[in-house]
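Student: I have a structure to go through and would like to ask about its parts one by one. Can we start once it is on the screen?

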Amino acid sequence: MSERTNEELLKIDKDHVIHSMGTVGDDPEEVMDEGHGIYIKLTDGEEFIDGASQLTCVNLGYSQDEIADVVAAQMRKLTYANTFFGTCNTANIECSQKLAGLTQDGLNHFLYTCGGSESIDSAVRIARTYWRNKGAHAKSKIISLYNAYHGVNMGAAPTTTLKQSVFSSYIHPLPAGYMHVPCYYCYRCAYGLKYPDCGIRCADVLDYTIKAEGPDNIAALLAEPVHGTAGCIVPPPEYWPKIRKICSDNDVLLMADEVMTGFGRTGKMFATEHWDVIPDIVAMAKGLTGAYLPFGAVALRDSVYEGLKGSQVFGFTYSGHPVCSAAAIKAMEIYVRDKLVENSAAMGKYAMERLNTELVDAPCVGEISGLGLMIGIEIVANKETKAPNMMASMGIGKACKAKGLRVRAGGRIAFTPPLIITKEELDKALDIMINIIAAVKPK
Ligand SMILES: Cc1ncc(COP(=O)(O)O)c(C=O)c1O
């Protein structure tokens, strides 16, 4: 606990800290001070269940001593090691071998970053480098989906289509060479169609777009296996196998953004496993260390790695950082040892059963979708018209907060608690959320 009062801390923060994703000049509201298990404590003494794993990153919950111990030991042993000039480091080598053991078949080569946006930026660079190295100089365009969040740096921002007015309108011009196609948001289908009669039109449109632009101009498709920031939107089961085939048939790389979905979040180690799809490039971050340290990676399939040979690939000062690598090794050990991927699948299934049963008549609930512990509830003003109800959604977020549960509230309520959550803890969180949502009056 800090010696300073809550008010003093908030004042210092206001004077000196620029908050990410906030409106510049807005006052911060609360100071986080401690975390244990799935709980966070503020400096004013309030404690709450973190039903969002903050930014869906604290997969392992708070204060895992084992990670703290290996990090401290690694800091004392080898604080830093660059990966630029013919050197590598033991922790990063061990980390890479462990990661290769968790990724799908053939995804064996890793470039390390400090987070999700950097992983996406790196994936874009790699895709373009791969084609240039093969002599396909025009194959440079990157296609991403509407409703996607892939990060904010200049490589990732043009792929992020969610709330463009918020995320990118202030930083125009964005780099050229990016395109977008409708996504698998069946509840609000871009074509007004209904699954399964739609025949997955959104995927057909991808094929059409690639052919219309000319496959010789398209480097890669980038997509989240489940739309995360948009509120946990799950694709129909045919979607990923279909886009895998379209990409292969058109000689376009398939890049999966597993920054949020990776490391057990959806009940599989990586989400594309649900559909037996192996992407060519996988971006990851958050769960790699469970947010204990900023670390990310881009995984390449053997064929992509072979295709890159002889080209020049970039790197960062902190690529393959030994301390982050040590944290990642321990995090990956915990996911497997404590069966957290299985827990995510079982707890997610149980939560979906309760939500689908107990909210079936809730007037404000448009749809509930989920995969593992990545669950989204669409809040609407009218079930017939599907009119969005942002006010009600924000109100649900606030009411949950008042009862000691934090969830992410946008047009949809996103419920993504740490993967360590027990059934008792889950029931406690669901009791709060379900009671509040069920009580929302129709507009
Ligand atoms: C799917 C996805 N990709 C990329 C990012 C960007 O990651 P970061 O904030 O670590 O740059 C996020 C962040 O939420 C994400 O959810």
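Tutor: First a term: helices are DSSP runs of H or I with at least four residues, numbered from the N terminus. Keep in mind that this is a predicted model.

Student: Which helix gives the largest share of the shell around the ligand?

Tutor: There are 15 residues around the ligand, and G115, G116, S117, G151 and V259 come nearest. By type, the shell divides into six nonpolar, seven polar and two charged residues. The largest share from one element is three residues, and the element is helix 5 (residues 116-133).

Student: Why is one side of strand 4 and of strand 6 left without a neighbour in the sheet?

Tutor: The sheet is open and has seven strands in the order 4-10-9-8-7-5-6, with mixed pairing. Strand 4 (107-113) and strand 6 (178-181) stand at the edges, so one side of each has no neighbour in the sheet, as each has a single partner strand.

Student: By how many degrees are neighbouring strands of this sheet turned against each other on average?

Tutor: The value is an average over neighbouring strands of this sheet. With direction ignored, it is 25°.

Student: What is the bridge partner of I142 in strand 7?

Tutor: Strand 5 (residues 141-145) pairs with strand 7 (residues 218-223) in the parallel sense, over four bridges. In strand 7, the residue bridged to I142 is A220.

Student: Which helix packs on the sheet and touches strand 5, strand 6 and strand 7?

Tutor: The direction of this helix makes about 150° with that of strand 6. The helix spans residues 201-213 and is helix 7.

Student: How many residues of domain 2 are in contact with domain 1?

Tutor: The chain is divided into domain 1 (31-63 + 339-438) and domain 2 (66-337), and their C-alpha centres lie 26 Å apart. On the side of domain 1, 28 residues take part in the contact. They divide into 12 nonpolar, 12 polar and four charged. On the side of domain 2, the number is 25.

Student: At what angle do helix 4 and helix 10 pack?

Tutor: Two packed helices are described by the angle between their axes and the distance between the axes. Helix 4 (residues 90-102) meets helix 10 (residues 322-337) through residues including A91 and L102 on one side and P322 and M332 on the other. The crossing is left-handed. The axes are 8 Å apart, and the angle is about 35°.

Student: How many residues of the contact of helix 4 with helix 10 are nonpolar?

Tutor: Two residues of this contact are polar and two are charged. The number of nonpolar residues is nine.

Notes: Residues numbered from 1 in each chain as written. Predicted model: local features only at pLDDT ≥ 70, side-chain atom pairs only at ≥ 80, totals over all residues. Pairing = 2+ DSSP bridges. Helix = DSSP H or I, 4+ residues; strand = E, 2+ residues; numbered from the N terminus. Axes fitted to C-alpha atoms, helices over the stretch in contact; angles between N-to-C directions. Contact = placed C-beta atoms within 7 Å. Domains from an automatic or database assignment. Nonpolar A, V, L, I, M, F, W, Y, C, P; charged D, E, K, R; others polar. Near = placed C-beta within 6 Å. Left-handed = near helix turned anticlockwise from the far one by under 90°.
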